[in-house]
Amino acid sequence: MTKRIALAALAGLLVAYHLALVFSGLVPNLVSRPLHMALILPWVLVFVPQEMGWLKRISGVALALAGITASLWVALNQNSLGDQYGFLEGPFQIAIAAILLLVVLETARRAIGWALPIVAAIMLLYGLFGQHIPGEFGHSGTPLTSFLGTLTIAEGGIWGSLTGISVSTVSIFVIFGAVLNAGEAGQGFMNVAAAAAGRLKGGAAKVSVISSALFGSISGSASANVASTGAITIPAMVKLGYPKRLAGAVEAVASSGGQIMPPLMGAGAFVMVELTSTPYTAVMAAAILPAILYFFAVWIGVNAFNTRYKLEGLPADQAPALRDVIITSAFFLVPFTVLLWGMFVAGVTPQYAASLAILAGAVLLFFNGALRFSAREALLRFETALITAARQVALIASIILCASIVIGVLSITGLGVKITSLILSGAGGMLWPSLLLTAIACLILGMEVPTTAAYVICVSVAGPALTQLGLEPLEAHLFVFWFALLSTITPPVCGAVFIAAGMVDEDWLKVAFTAMALGVGLYLIPPAMIANPMLLASATAPLAALFAGAKVALALGMISYGLIARFSVATRTGLVAGGLIVLFVPLSL
């Protein structure tokens with residue numbers, strides 16, 4: 001009991017800190033960002049859900065204390081460090097820098113595995129010794145005190161703009177999602193989905209599509225989406241006789257869309273805001289139509305599978321009562337309304353609007369789905385919200401801090417410019433070959449690195465090449481972000497498929513191949529954005545955007561039926577070929 005109280009109190013401190021930053025005004029970056037790191041370290045290094053051996057626990061405590069101490073030192077000395085212009089002074093400051101980098105690498109390793117920390121460590125070695133590499137991929141060398149100082153006591157490395165996004169925006173929206181999920185919002189999503197689509201042909205699968213789109217809009221995580229909505233939808237589909245591979249694939253594909261569905265987009269939207277200097281509302285407006293098309297393609301894919309199997313809707317006795325739909329939907333409609341009102345009516349920043357929505361969601365935690373108040377249940381919901389928020393903020397922060405090392409080294413050494421030149425020369429200065437090379441790089445990197453980190457690294461080196469070839473920055477960033485998501489359903493490493501296959505007890509390869517057919521939009525919509533740029537113009541040219549959306553929807557429907565439906569080979573081939581022509585041949589109003 002004492003441990004639970006202590007954990008809730010520590011989580012409450014993290015949540016309160018990030019909310020206070022929004023309401024209190026400007027705080028120096030070399031104060032807010034190191035304090036952010038200090039608050040997240042215990043959640044990755046010490047307070048982890050799984051059991052740890054004594055050695056790992058002791059080392060975790062030691063690393064957390066060292067990292068917290070070094071972070072606090074930076075925050076306390078930010079005035080004097082600002083006068084050093086990124087140059088370390090003396091062995092003590094070099095030791096502080098080494099501790100910070102080591103702790104960031106190990107925190108990321110414990111949070112997400114080896115891949116990203118290894119990439120960051122290689123980049124550090126390149127920064128330290130790259131002057132000995134012959135040819136154009138070497139660099140002129142940077143003094144140790146300047147190289148480490150830029151990464152650790154200035155705003156060019158782990159305290160850079162990416163970490164600023166994690167502090168000011170991502171954390172707030174993650175807290176917002178945790179508050180909604182701790183209450184009845186998740187059940188509200190399921191009830192709305194069941195009421196809207198449950199009785200249709202393939203209704204159980206379509207409930208998964210709608211609920212995953214709604215849930216994913218606040219969770220931003222394919223794995224979390226599969227584990228939560230899949231716990232309800234997968235057994236329902238299997239019970240109605242759906243093939244196991246189809247039940248798992250539907251949930252994996254639908255859940256993967258959470259990372260492309262505004263407002264959260266797995267933190268990607270906020271990174272785009274910073275890297276493209278585009279307002280958050282503009283990013284949401286550009287991303288919404290492609291996201292809807294993705295779920296439309298999955299919906300059509302379910303219809304196509306209905307030509308192969310008898311896919312029943314949910315039985316009448318499983319349909320939620322209208323009263324339950326109305327009440328539970330209020331648990332997400334009220335906070336979402338506050339969020340949208342704040343951004344589009346009151347004109348406050350997205351962070352401020354999300355903070356107001358968090359307060360609205362927190363009030364709703366006092367009530368259950370029957371609108372009854374119970375102090376004990378409310379305390380449990382608040383505890384769940386706080387601890388979930390702390391863990392998720394810590395996970396994303398550990399990824400972003402580690403990715404910031406990579407971005408920092410690319411900037412210091414000029415390696416990013418060299419890789420951009422390599423892409424341009426390798427593709428012969430042509431756009432579509434460059435897009436293909438970028439897509440392959442995103443797929444490979446995304447196999448071992450979380451989507452947001454894969455996107456950040458890929459867009460840092462490929463983004464400039466794509467914009468030089470004529471793409472608008474937001475076009476290039478959305479293209480890269482979508483392809484960084486491919487590995488959620490594409491073998492050999494496909495996290496969402498692994499989880500869904502385990503839940504349905506089916507061979508993961510069967511689930512993966514079915515998911516690839518259902519999720520064909522994930523492969524085709526990014527190049528469709530390039531071939532049909534008005535697809536991203538919902539805010540500036542809505543009629544043209546709707547026309548482009550209808551064209552892409554028609555193409556996706558034809559291709560889905562061609563890949564999946566029980567038609568003759570000639571018919572299926574004609575549908576796929578016709579769909580590709582509709583998708584890529586330019587049409588105008």
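Modeller: Before we start, a helix here is a DSSP run of H or I with at least four residues, and helices are numbered from the N terminus. Please also keep in mind that this is a predicted model.

Biologist: Thanks! Then where does Ser277 lie?

Modeller: Ser277 has a positive phi of about 55° although it is not a glycine. Its relative accessibility is 67%, so Ser277 counts as exposed, the cut-off being over 50%. As for its place in the chain, α13 covers 268–276 and α14 covers 280–305, and Ser277 lies in the loop between α13 and α14.

Biologist: And Tyr85, is that residue buried or exposed?

Modeller: Tyr85 is found in the loop between α4 (78–82) and α5. Tyr85 is not a glycine, yet its phi is positive, at about 50°. Most residues other than glycine have a negative phi. With a relative accessible area of 67%, Tyr85 is exposed.

Biologist: Let's turn to charges. How many salt bridges does the structure hold?

Modeller: Side chains of opposite charge can pair when their charged atoms come close. Glu106 and Arg109 make one such salt bridge, and Lys310 and Glu312 make another. Glu377 and Arg381 also meet in a salt bridge. For the structure, the number of salt bridges is five.

Biologist: Which residues are linked with Glu106 in a network of salt bridges?

Modeller: Glu106 and Arg109 meet through their side chains at 2.8 Å, N to O. Both belong to helix α5 (residues 90–112), and because they are three residues apart there, about one helical turn separates them. Glu106 is buried at 16% relative accessible area, whereas Arg109 is partly exposed at 22%. The residues linked with Glu106 in the network are Arg109 and Arg110.

Biologist: What separates Glu377 and Arg381 in helix α17?

Modeller: Their side chains meet in a salt bridge with an N to O distance of 3.7 Å. Glu377 counts as partly exposed at 34% relative accessibility, while Arg381 is buried at 10%. Helix α17 spans residues 375–413, and since the two residues are four places apart in that helix, the separation is about one helical turn.

Biologist: For Lys310 and Glu312, what is the N to O distance of the salt bridge?

Modeller: Lys310 counts as exposed, with 63% relative accessibility. Glu312 counts as partly exposed, at 28%. Their side chains meet in a salt bridge with an N to O distance of 3.4 Å.

Biologist: Now the interior. What volume does the largest cavity have?

Modeller: The structure holds one cavity of 30 Å³ or more. Among the residues lining the largest cavity are Val179, Leu180, Glu184, Phe331, Pro335 and Leu364. The volume of the largest cavity is about 40 Å³.

Biologist: Which helices each supply at least two residues of the lining of the largest cavity?

Modeller: The lining divides into seven nonpolar residues, two polar and one charged. Gly183, Ala185, Gly361 and Leu365 are also among its members. The helices that each supply at least two lining residues are α8 (161–182), α15 (322–346) and α16 (350–364).

Biologist: How many residues of the largest nonpolar core come from α17?

Modeller: In soluble globular proteins, nonpolar side chains tend to be buried together. The largest nonpolar core here has 188 residues, and Tyr294, Leu339, Ile405, Tyr455, Leu478 and Leu518 touch the most other members. The largest share of this core comes from α17, with a count of 16 residues.

Biologist: What distance separates the C-alpha atoms of Leu485 and Tyr455?

Modeller: Leu485 lies in the loop between α21 (473–484) and α22 (495–504). Its relative accessible area is 0%, so Leu485 is buried. Leaving out residues up to four places away in sequence, Leu485 touches Ser256, Gln259, Ile260, Thr451 and Leu522. Tyr455 is 30 residues from Leu485 along the chain, and the distance between their C-alpha atoms is 8.5 Å.

Biologist: One more: which residues is Thr438 in contact with, leaving aside its neighbours within four places in sequence?

Modeller: Thr438 lies in helix α19, which covers residues 431–446. At 3% relative accessibility, Thr438 counts as buried. With neighbours within four places in sequence left aside, its contacts are Ala462, Leu466, Phe479 and Val480.

Conventions: Residues are numbered from 1 along each chain as its sequence is written. This is a predicted model: local features need pLDDT of at least 70, side-chain atom pairs count only at pLDDT 80 or more; totals for chains, interfaces and linings use all residues. Side-chain values use heavy atoms; hydrogens and water are left out. A salt bridge is a side-chain nitrogen of Lys or Arg within 4 Å of a carboxyl oxygen of Asp or Glu. Buried means under 20% relative accessible area, exposed over 50%, partly exposed in between (1.4 Å probe, protein chains only). On a 1 Å grid over the protein atoms alone, a cavity is a set of points where a 1.4 Å probe fits but cannot get out, and a pocket is an open set with protein on both sides within 12 Å along at least five of seven lines; lining residues have an atom within 4 Å of a point. Grid points are joined across faces, edges and corners, and a volume is the space filled by probe spheres set on the points. Ala, Val, Leu, Ile, Met, Phe, Trp, Tyr, Cys and Pro count as nonpolar, Asp, Glu, Lys and Arg as charged, and the others, Gly among them, as polar. Contact means heavy atoms within 4.5 Å. A nonpolar core is a set of buried Ala, Val, Leu, Ile, Met, Phe, Trp, Tyr and Cys residues joined through side-chain atoms within 4.5 Å.
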